[in-house]
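Trainee: I should be grateful for a close look at one strand of this structure and at the parts that adjoin it. Please explain each term as it arises.

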Amino acid sequence: MADRSHEEFHDAVITPDETEGLPERFFDRFVFNFHPQDATVPSVLVGLGLHPMRDTVDGFAIVSNGTEQRNARFSTELSATDWGTCGPFSYEVVEPNKTWHLSLGENPTAMTFDLTWESRTPAWWGDVEVVNAAGEKTSFEHLFQSGHARGTITIDGETREVDGWYSQRDRSRGVRSMAGGQGLHIWYQAQFPDRSVGFLLVEGRDGSRLLLEGAVMHTDGRVDTITDVRHALVFDDLDLRSGLVQVTTASGEVHRIETDATSGGGLMAGGGYGGHHGKALGRDHVEGEVWPLDGSVTQRTVDSSLTDRLATFDWDGTPGSGIFEFALTRSPSYAYRPTLV
């Protein structure tokens, strides 16, 4: 992993005249989450991926409301679009690394929105290169950045103002195949009033660290690279319930952050994360479903254990909130190992 946060990230999404010579599995992708600063509902996740060598663009929208999770997936042929839309979803990079505009029209979730995302911290980004257990090489640019969202969101016909909701975005561009041999995956996004603690941690089934990247991104412009992460998490089978995460940065700061992840929802299988991204489904394909959050749909009953849970955090008495993304392998050879004792 190479930290390139000191450089300006090329934020513009790939265009048709930039595709010559790209590998077949190349993608250019972004994901945003949106949620109130002081509540765990609604939790909104939306993302889009362009796969130019497969002539495919696909995306998803998920909203969890405490009792159910609603999913929509949409895809079409990239050549049939203006590269800025996919079915009900459209986006615009208004000012690179500072302002995006996102819009979601009618879809199976009964949620629509018109939102402007504005950065509140600098971004962390770098190059990730990993070879998995199957010998497949991953090489992609990866960025995290915290922001605020403003605009309107409508769910079941009820429109509410979005005024300063926390929102973190993730950008990735390249070739990625992280499956195989992993035990624990964490993508952590703890939002506090003056900072965002963001990192990606991947451990093998033997507990060895395969990848750690990220930073504490301050609203005053500082980016403090994360050098170590320890964790003591509490799972109910494959579902995170609570736990403690300790983050150490290059400046020597140590953050010990408690987590409450009992809000439910955020199963990323609903967004096509079970290996469906980049698959051609023809033009104007839209599908979706509703999953009750009563325990009948879990990380074991869907095709991916990846979960983006809207959690609440406590950092030395300072409350925060944000997405705690986690996945435990379903392999019986693995058992979770805390690294913070």
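Mentor: The account below begins with strand S2, follows the chain into the next loop, and then turns to other parts of the structure.

This is a predicted model, in which local features need pLDDT of at least 70 and side-chain atom pairs count only at pLDDT 80 or more, while totals for chains, interfaces and linings use all residues. Residues are numbered from 1 along each chain as its sequence is written, and side-chain values use heavy atoms, with hydrogens and water left out.

Strand S2 spans residues 27–34; strands here are DSSP runs of E, at least two residues long, numbered from the N terminus. Eight of the eight residues of S2 are buried, so the strand is largely enclosed by the rest of the structure. Buried means under 20% relative accessible area, exposed means over 50%, and partly exposed lies in between (1.4 Å probe, protein chains only). In a regular strand the side chains alternate between the two faces of the sheet. In S2, one side carries Phe27, Arg29, Val31 and Asn33 and the other carries Asp28, Phe30, Phe32 and Phe34, and both faces are covered.

Two strands that pair with S2 can be named; pairing requires that DSSP find at least two bridges. S12 (residues 158–175) runs antiparallel to S2 and is joined to it by six bridges, with Gly174 of S12 opposite Phe27. S3 is also antiparallel to S2, and seven bridges link these two strands. Within that pairing, Asp28 has Leu50 of S3 as its bridge partner.

The chain passes from S2 to S3 (43–51) through a loop that contains Pro42. The peptide bond between Val41 and Pro42 is cis, with omega at about -10°. Val41 also belongs to the lining of the largest cavity, as do Thr40, Ser43, Ser64, Asn65, Gly66, Ser263, Gly264 and Leu310. A cavity is a set of points, on a 1 Å grid over the protein atoms alone, where a 1.4 Å probe fits but cannot get out, and lining residues have an atom within 4 Å of a point. The structure holds one cavity of 30 Å³ or more, and the volume of the largest is about 30 Å³. That volume is the space filled by probe spheres set on the points, which are joined across faces, edges and corners.

Two further loops hold residues with a positive phi. Asn97, in the loop between S7 (89–95) and S8 (99–104), has a phi near 70° although it is not a glycine. Asn97 is buried, because its relative accessible area is 11%. Asp284, between S18 (254–260) and S19 (285–292), has a positive phi of about 55°. Asp284, in turn, counts as exposed because its relative accessibility is 62%.

S18 is also part of a closed barrel of eight strands, which runs S13-S14-S15-S16-S17-S18-S20-S21 with antiparallel pairing. Within this barrel, S14 (residues 195–204) and S15 (residues 209–218) are antiparallel over nine bridges, and Glu203 has Arg209 of S15 as its bridge partner. An unreviewed UniProt entry assigns residues 186–276 the annotation "domain: DUF7064". Its positions are given in the numbering used here, feature names are shortened, and annotations may be inferred rather than shown by experiment. Residues 186–276 are 0% helix and 65% strand, and the end C-alpha atoms lie 21 Å apart.

Conventions. Helix = DSSP H or I, 4+ residues; strand = E, 2+ residues; numbered from the N terminus. 1 Å grid on protein atoms, 1.4 Å probe; cavity = no way out; pocket = protein on both sides within 12 Å on 5 of 7 lines; lining within 4 Å.
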